[in-house]
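Let's walk through this protein together, one part after another. Please have the viewer open and turn the model as you read.

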Amino acid sequence: MTVTDTRPARWSTADLDRAVQEVDAVTALHAADCDRDARFPEEALAALRSTGLLGLMVPAEYGGAGGGLADMAAVSSRLSRTCMSVGMIFTMHCQQVAAVVRDGGPLRDRLLPRVARGELYLASVTTEASTGGHLLSSGASLTGDASTLHVDRFAPVVTGGSFADGFLLTMQAPDATSPTQVSLVYADRDQLRVTVRGGWNPMGMRATHSAPLHLAGDVPAGQVVGVHGGFRDIAVRTFAPMAHIGWAACWLGTADGALSRTVTLLRAERRSRGLDSELLLRRLSRVRQRLDTVHALINHSVSVLEKTIDSTSASVQLLINAVKLTASEMCPAAVDELVDLLGMRHGYLRDSDLALERALRDLRSAPLNYSNDRLHAADGALVLMDREVRHV
Ligand SMILES: Cc1cc2nc3c(=O)[nH]c(=O)nc-3n(C[C@H](O)[C@H](O)[C@H](O)COP(=O)(O)OP(=O)(O)OC[C@H]3O[C@@H](n4cnc5c(N)ncnc54)[C@H](O)[C@@H]3O)c2cc1C
């Protein structure tokens, strides 16, 4: 008798590779003009939908690829080699999906099959004008009754907000007595009036089209992810690990791509350039050292998170924050060094095929995208709390 395995299949590495290659090929065609025009990469989003990659983090029983943190980091990094905006769009969507998977309750049945079918691209709405990047507080209150929640919120930076099919928003819980009682609410685009309130003309990350929005409308009361006022727990267990590792993977992929294009050029111009300059070799070594450090830190953190029971401990949070802090310093520094190494023509000019200046402009956002200053302040407090630090 044959026993049939009725469990839905997760994607194989080959499935994943094929999908990434397809998205990457489309991305490469449009990366330069999306950057020039600060245009959202609609073609790449269409490819993320059609290949099923948008459903990477959706468990197989909901029709998704059943991927984990390591898969998300690997795909984000690969996509960012060609265009960091596409990598970031993908990784931020994965972060939202992971929150629904873990804390979505009844929303899972409604949302996850749609994500797996490529119908639901999710945007993140956490930043506020009044609280800035302070993730764990909100100045905008949810109102409503037992059946309905009223959303009315200005969002100064929403990656892909004009193209998203749904939003996860942080707002003060109804009846909150403090701005830190924050809820995470899901809203479908067609449940809201979404008004674009400004343009997007940044130094880098231009293709993320992270323009300001005003979002207003009524959603059923059951569209809360987790419990009212419980966003802190989602932030610590899901958002912070997914964001810090996903972002770091994007920054690393961008710098890896810049290094590999540089090495390819150096090898091709070996005869005319000569590759025995001690300065050139030292620069290459320093770049590679930085990127290998970030790579090792990401891999180590992924393996710690895969094994850990309590991701809320001070030591795990410090490790996850260290990934963000280290990657956001070392990846821009690595590309900056490549610019020095190659000089004007291939390092600085915008029309060089090596696109180092785009990589450098994009990477300049890394320390700002959740401010390193804020993270260092939080880390200082965590160091004092960390029970694993003892006097011996
Ligand atoms: C490309 C890109 C895409 C983004 N996409 C989204 C998105 O989709 N959704 C979303 O909600 N947000 C998004 N953001 C916003 C991001 O998550 C941060 O909230 C934002 O970058 C922080 O902006 P800020 O520097 O103005 O604010 P703040 O974090 O408020 O920092 C402002 C400055 O004040 C200082 N500062 C403030 N408070 C402290 C403190 N306690 N300790 C030390 N220093 C402090 C810092 O030095 C910092 O330089 C995006 C940002 C970027 C760059």
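How do the residues of the lining of the largest pocket divide into nonpolar, polar and charged? Keep in mind as we go that this is a predicted model. In the lining of the largest pocket, 25 residues are nonpolar, 17 are polar and four are charged.

Let's stay with that pocket for a moment. The largest pocket holds about 1200 Å³ of space, and 46 residues line it. To find its centre in your viewer, select G133, W247, N369, Y370 and S371, which lie nearest to it. Several helices contribute to the lining: helix 4, helix 6 (231–268), helix 9 (314–342) and helix 12 (372–385) each supply at least two residues. Helix 6 gives the largest share, with nine residues.

Now step back to the whole chain. It is divided into domain 1 (13–120), domain 2 (123–225) and domain 3 (231–385). Taken over C-alpha atoms, the centres of domain 1 and domain 2 are separated by 21 Å. Where these two domains meet, 27 residues of domain 1 are in contact with 22 residues of domain 2.

Next, the sheets. Strands of a sheet pair through backbone hydrogen bonds, in either a parallel or an antiparallel sense. One open sheet here has four strands in the order 1-4-5-8, with mixed pairing. Its edges are strand 1 (122–125) and strand 8 (224–225), each of which pairs on one side only. Strand 1 runs parallel to its partner, strand 4 (residues 166–172), and four bridges join the two. If you would like one pair to look at, A123 has F167 in strand 4 as its bridge partner.

Two helices are worth viewing against this sheet. Helix 4 (residues 84–103) packs on the sheet and touches strand 1, strand 4, strand 5 (182–188) and strand 8. The direction of helix 4 makes about 90 degrees with that of strand 1. You have already met helix 4 among the helices that supply the pocket lining. Helix 5 (residues 107–116) lies across strand 5 and strand 8, and runs at about 55 degrees to strand 5.

Another open sheet is also made of four strands, in the order 2-3-7-6, and its pairing is antiparallel. Here the edge strands are strand 2 (143–144) and strand 6 (192–196), each pairing on one side only. Strand 6 pairs with strand 7 (residues 213–220) in the antiparallel sense over five bridges. Within this pairing, V194 has L215 in strand 7 as its bridge partner.

The loop between strand 6 and strand 7 brings us to a backbone detail, and H209 lies there. Most residues other than glycine have a negative phi. H209 is not a glycine, yet its phi is positive, at about 40 degrees. Which other place shows a positive phi in a residue other than glycine? Look at A355, where phi is near 50 degrees. A355 is found in the loop between helix 10 (344–348) and helix 11 (356–363).

Notes. Residues are numbered from 1 along each chain as its sequence is written. This is a predicted model: local features need pLDDT of at least 70, side-chain atom pairs count only at pLDDT 80 or more; totals for chains, interfaces and linings use all residues. Side-chain values use heavy atoms; hydrogens and water are left out. Two strands pair if DSSP finds at least two bridges between them. Contact means heavy atoms within 4.5 Å. Axes are lines fitted to C-alpha atoms, for helices over the stretch in contact, and angles run from 0 to 180 degrees between N-to-C directions. On a 1 Å grid over the protein atoms alone, a cavity is a set of points where a 1.4 Å probe fits but cannot get out, and a pocket is an open set with protein on both sides within 12 Å along at least five of seven lines; lining residues have an atom within 4 Å of a point. Grid points are joined across faces, edges and corners, and a volume is the space filled by probe spheres set on the points. Ala, Val, Leu, Ile, Met, Phe, Trp, Tyr, Cys and Pro count as nonpolar, Asp, Glu, Lys and Arg as charged, and the others, Gly among them, as polar. Domain bounds come from an automatic or database domain assignment.
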